[in-house]
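Trainee: I would like to learn how to read a structure like the one below, feature by feature. Could we go through it together?

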Amino acid sequence: MADPYAIPPLYDLEYQHQADDIAFYVAVAARSGGPVLELGCGNGRLMLPIARSGVHIDGVDASASMLADLERKRALEPEHIRDRIHARLGDFRTAQVEPVHKVVIWPFNALHHCPTGADVVKVLDTAKRALVPDGTIYLDCYLPDRKLYARTPHGRYEERTFTDPRDGGTLMSWETGFWDEQKRIHHVTYIYQHADGHEESLDLKLHMYEKDELLKFIRDAGLKILWQSSDFFGAPMAPTSLKWVMQLVPA
Ligand SMILES: C[S@@+](CC[C@H](N)C(=O)[O-])C[C@H]1O[C@@H](n2cnc3c(N)ncnc32)[C@H](O)[C@@H]1O
């Protein structure tokens, strides 16, 4: 299986138009004044704009390649912005954290990297332990999308053409995947085909949880929901919502 985070330039290419959540998390961070902790900080898609907005941000991530790419990007920033960014390699389930953060964010569906509910509770506990007494947690995740899972298994979807940032070549891209109902894992493979025909692929395993299960994990972690929305603009939750954005505080 190809590590989905092994090739950061492809990650950046794939999510280059993802912007709503950046504005949301930058506003959350700026309102708090920081410091902020990002669990699963990756290669800085959120860390860099948050630091540029004037807020100190710490990060933990399990991918050495994503962190190396973050370091590359950080080095391009002016010193006062570089100094606001501190990231380290670690597992967000077990990371040692200091209770100094006004806000902990666990963004961009990173929850779906948790293979079990116990793992979700562990990450929520990490977030809780990292907060100052009046601190708060923000996260976003998906809710199960039966229509998406009804796609033809291994069919070819979301075809796009990119310019490869590494060599300027043309990349044909599409995604394929399947839904494992028994294990409740949405397997997604991103395929990038070069002009000479050779392919790179990245496999993502999204562990899906029902809303009621997630509510139980939140309670089990000693947290409660202070605010929630079905998007990054404040739309109310509905029974059909496929996205869940929430603010949590200790119960
Ligand atoms: C969808 S990416 C989000 C990255 C970044 N927050 C962003 O918004 O672009 C999920 C990130 O979680 C990290 N991750 C997955 N499992 C992890 C774990 N157990 N501990 C820490 N980081 C993990 C991955 O390496 C990846 O960088």
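**Reading the sheets, domains and loops**

Mentor: Let us begin with a sheet, bearing in mind that this is a predicted model: four strands form an open sheet in the order β6-β7-β8-β9, and the pairing is antiparallel. At its edges are β6 (157–163) and β9 (199–207), each of which pairs on one side only. Neighbouring strands of this sheet are turned by 20° against each other on average, with direction ignored.

Trainee: How do strands of a sheet pair?

Mentor: In general, strands of a sheet pair through backbone hydrogen bonds, either parallel or antiparallel. Here, strand β7 (residues 170–180) and strand β8 (residues 185–194) pair in the antiparallel sense over 10 bridges, and L171 has H194 of β8 opposite it.

Trainee: Where does R184 lie, and is it buried, exposed or partly exposed?

Mentor: R184 lies in the loop between β7 and β8. To judge exposure, one counts the other C-beta atoms within 10 Å, where 20 or more make a residue buried and 12 or fewer make it exposed. R184 has 15 such atoms, so it is partly exposed. Its backbone also deserves a look, since R184 has a positive phi of about 50° although it is not a glycine.

Trainee: What is the strand order in the open sheet of seven strands?

Mentor: The order is β3-β2-β1-β4-β5-β11-β10, and the pairing is mixed. Because β3 (85–89) and β10 (223–229) stand at the edges with a single partner strand each, one side of each is left without a neighbour in the sheet. Within this sheet, strand β1 (residues 36–39) and strand β4 (residues 101–106) pair in the parallel sense over three bridges, and V36 stands opposite V103 in β4.

Trainee: Which strands does helix α2 lie across?

Mentor: Helix α2 (residues 20–32) lies across β1, β2 (57–61), β4 and β5 (131–142), and it runs at about 165° to β4. In the loop between α2 and β1 you will find P35, which is joined to G34 by a cis peptide bond with omega of about 0°.

Trainee: Which residues come nearest to the ligand?

Mentor: There are 20 residues around the ligand, and of these G40, G42, R45, S63 and F108 come nearest. Sorted by class, the shell has 10 nonpolar, five polar and five charged residues. F108 is placed in the loop between β4 and α6 (117–129), and its phi is near 50°, a positive value in a residue other than glycine. With the same kind of count as before, F108 has 21 other C-beta atoms within 10 Å, and it is therefore buried.

Trainee: How many residues of domain 1 are in contact with domain 2?

Mentor: It helps to begin with the bounds, which the domain assignment of the protein gives as 8–142 + 209–250 for domain 1 and 146–207 for domain 2. Seven residues of domain 1 are in contact with nine residues of domain 2, and the side of domain 1 that touches domain 2 has five nonpolar, one polar and one charged residues. The centres of domain 1 and domain 2, taken over C-alpha atoms, are separated by 25 Å.

Trainee: Is R146 buried or exposed?

Mentor: R146, which lies in helix α7 (residues 146–149), has 9 other C-beta atoms within 10 Å, so it is exposed. The C-alpha atoms of R146 and W179 are separated by 9.2 Å, although these residues are 33 residues apart along the chain.

Note on methods:
Residues are numbered from 1 along each chain as its sequence is written. This is a predicted model: local features need pLDDT of at least 70, side-chain atom pairs count only at pLDDT 80 or more; totals for chains, interfaces and linings use all residues. A residue is near a molecule or strand if its C-beta atom, placed from the backbone, lies within 6 Å of it. Ala, Val, Leu, Ile, Met, Phe, Trp, Tyr, Cys and Pro count as nonpolar, Asp, Glu, Lys and Arg as charged, and the others, Gly among them, as polar. Two strands pair if DSSP finds at least two bridges between them. Helices (H or I, at least four residues) and strands (E, at least two) are DSSP runs, numbered from the N terminus. Two residues are in contact if their C-beta atoms, placed from the backbone, lie within 7 Å. Axes are lines fitted to C-alpha atoms, for helices over the stretch in contact, and angles run from 0 to 180 degrees between N-to-C directions. Domain bounds come from an automatic or database domain assignment.
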